Amino acid sequence: MIKAVPGTRDILPGDIPSWKHIESIIESVFSRFNYKEIRTPVFEETALFARGIGESTDIVSKEMYTFPDRSGDSLTLRPEMTAGVVRSFIEHSLDKKQNLNKLYYVAPMFRQERPQAGRLRQFHQFGAEALGSNDSMLDAEMIIMAFDILAALGLKNLTVKINSLGVPSSREEYKKKLKEHLLPGFDKLSNESRKRIETNILRIFDSKEEQDRELTKDAPLLIDYIDEESLLHFQKVKEILAGAGIPFEIDPKLVRGIDYYTNTTFEIVSGSVGSQSALCGGGRYNLLVKELGGPDIPGVGFASGIERILLACENEKSFVPAPEGIDLFIVALQKGLDSFVYKAALAFRRRGLNVDLDYLGRSVKAQMREANKSNSEFVLFVGGEEFDGNEVVLKNMKDGNQFNFAKEDLENIYLNIKEK
Ligand code: HAM
C-alpha cells in the first residue's frame, strides 16, 4: 500500500474544525491591523532562495526540495515565504502602488528535515511582511500580532524572546571578536560548529551540543557591538512592546537561522511542545529587497508554524473547536420517496441551508443516527400517515418540538429553520 511520504500529513475532515478556528483568528487579527493577503507560487527558481535565505544556512545547504524540471531549470519548493513575497513585491513594483505594503499569507512550506513531533517536511505557515518602512512600530506590530493570535487560541505557556542584530558593518566587527574568543577552544567545538566558524559563525549560538554551549557561555555579545542607531531603534521596539502589554525577554544569543536579518529578531517559544518549541520567528530585513534586485526598501516580518501551534493547543487543551453541524437532515420514512426528498433537499440547499439526506437506503433508525451524527439542528420527516395527508413533520432537535407543514410549503419550512 502506498502511504503518505514521511514528514507529510493528511489533514482529515475531523481535523478541519481546529484548522478553521485558527485560520479565522489569523484572518481577523491580520485584518484588524489592515494587512492584505498575498498568494505566491509553491515553487520558485532555486536562485531566489539561495540568494535570499543564504547559501550557508541549514535551509539552503541541507533542507530544500530542489529539482530540475523537464527543461533543465532548477526549481525549489518554497521552504519559507519571505523570499517569494519579496520577489513578487519587486516584480510587480508594489512600492509604486502603495508606500507601505502590509501583506500576510497562510500557506504550505517544504523542508527536508528529520521528521519528529512538531517538525514536518510539508508544514503550514502563516505570517506577515511589511515592506516600505523602518519604523519600530512595525517591528513591534509583528510581535504583537503573533502574540495576539497565540493568546486568542488560549495558549499560555509562551515566552517572547527578542534581540537586535544591528547592521552588517557592526556585525562583521563583532564576528571577528567572536572568532577570537572561540578559536582557542576550536578543538573542543563540535564538528558542525567548527565548520560554522568559517561559514556562519553566529549560528554556533544555536548549537544544542554541550561542548559548544560551554564555549559560547562567556562569549562577547552582539548587542554590545551594534551601532547607536540600531540600539535606539531596538529601544523603541521594547518601549512599544511594554506599552502593548507583551511580556518579553531579551535574548542576546537569539541569532535565527536565516541570513537576511538586520536589527530586530524575535521568536515566541512554547513550554508545552518539547524540543521543537519555536512557534514563530521573524525580524527585520532591511537589505533583502535590494539584494534580490529591487529598490532600497526596508522590510520586517514573521512566520509561524500552524502544526506546531496546534500541538501546543492540544497539549494545553487551550480551545475546543465549535462542533460542525448542518441545518437539516431529511428522513424518508418509507421507500419510494427519493424524488420528493431529493427535490426538497435541493430547494433548501439552493436557498442556503446546509442539508443532508440518506443515500444508502437505510432504515429510519439508521437515518436518525446519521442525523444525530451530522449534528443536525432539524429533521424533516417525510412519509407515513402525514405524507398521505399531504403533510411533512419538522422536528427541532434541540427542544424536541414538532410542527406539521403542508408538503408543498417548503418556504415556511425554510423560514422556520432560518429563524432559529
Ligand atoms: P523560520 O524560523 O524558519 O522563519 O520558520 C518560522 C516558523 O515556522 C518556526 O518558528 C516554526 O514554527 C515553523 N517551522 C519551521 N520549520 C518547520 C518544520 N520543519 N515543521 C513544522 N514547522 C516548522 C521563517 O520561515 C521566516 N520566513 C520568518 C520571517 C518572515 N522572517 C521575516 N519574515
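Strands E5 (residues 101–110) and E6 (residues 122–131) pair in the antiparallel sense, with 10 bridges between them. The model in which they appear is predicted. One of the pairings joins Val106 to its bridge partner in E6, Phe126.

Two helices can be placed relative to this pair. Helix H12 (residues 306–316) packs on the sheet, where it touches E5 and E6 as well as strand E9 (262–270), strand E10 (278–284) and E11. The direction of H12 makes about 110° with that of E6. Helix H1 (residues 16–32) lies across E5, E6 and strand E11 (299–305), and runs at about 5° to E6.

The sheet as a whole is open and has 8 strands, in the order E1-E5-E6-E11-E10-E9-E7-E8, with mixed pairing. At its edges stand strand E1 (36–37) and strand E8 (248–250); each has a single partner strand, so one side of each is left without a neighbour in the sheet.

Within strand E6 sits His124. Is this residue buried or exposed? His124 has a relative accessibility of 16%, and because buried means under 20%, His124 counts as buried. Leaving aside neighbours within four places in sequence, the residues in contact with His124 are Ile11, Trp19, Ala107, Pro108, Ser304, Gly305, Ile306 and Glu307. Among them, Trp19 falls in the range of H1, Ala107 and Pro108 in that of E5, and Glu307 in that of H12. With Glu307 there is also a polar contact: the side chains of His124 and Glu307 are joined at 2.7 Å.

Technical notes
Residues are numbered from 1 along each chain as its sequence is written. This is a predicted model: local features need pLDDT of at least 70, side-chain atom pairs count only at pLDDT 80 or more; totals for chains, interfaces and linings use all residues. Side-chain values use heavy atoms; hydrogens and water are left out. Two strands pair if DSSP finds at least two bridges between them. Helices (H or I, at least four residues) and strands (E, at least two) are DSSP runs, numbered from the N terminus. Contact means heavy atoms within 4.5 Å. Axes are lines fitted to C-alpha atoms, for helices over the stretch in contact, and angles run from 0 to 180 degrees between N-to-C directions. Buried means under 20% relative accessible area, exposed over 50%, partly exposed in between (1.4 Å probe, protein chains only). A polar contact is a pair of N or O atoms within 3.5 Å; within protein, one must be able to donate a hydrogen and the other to accept it, and residues adjacent in sequence count only if both atoms are side-chain atoms.
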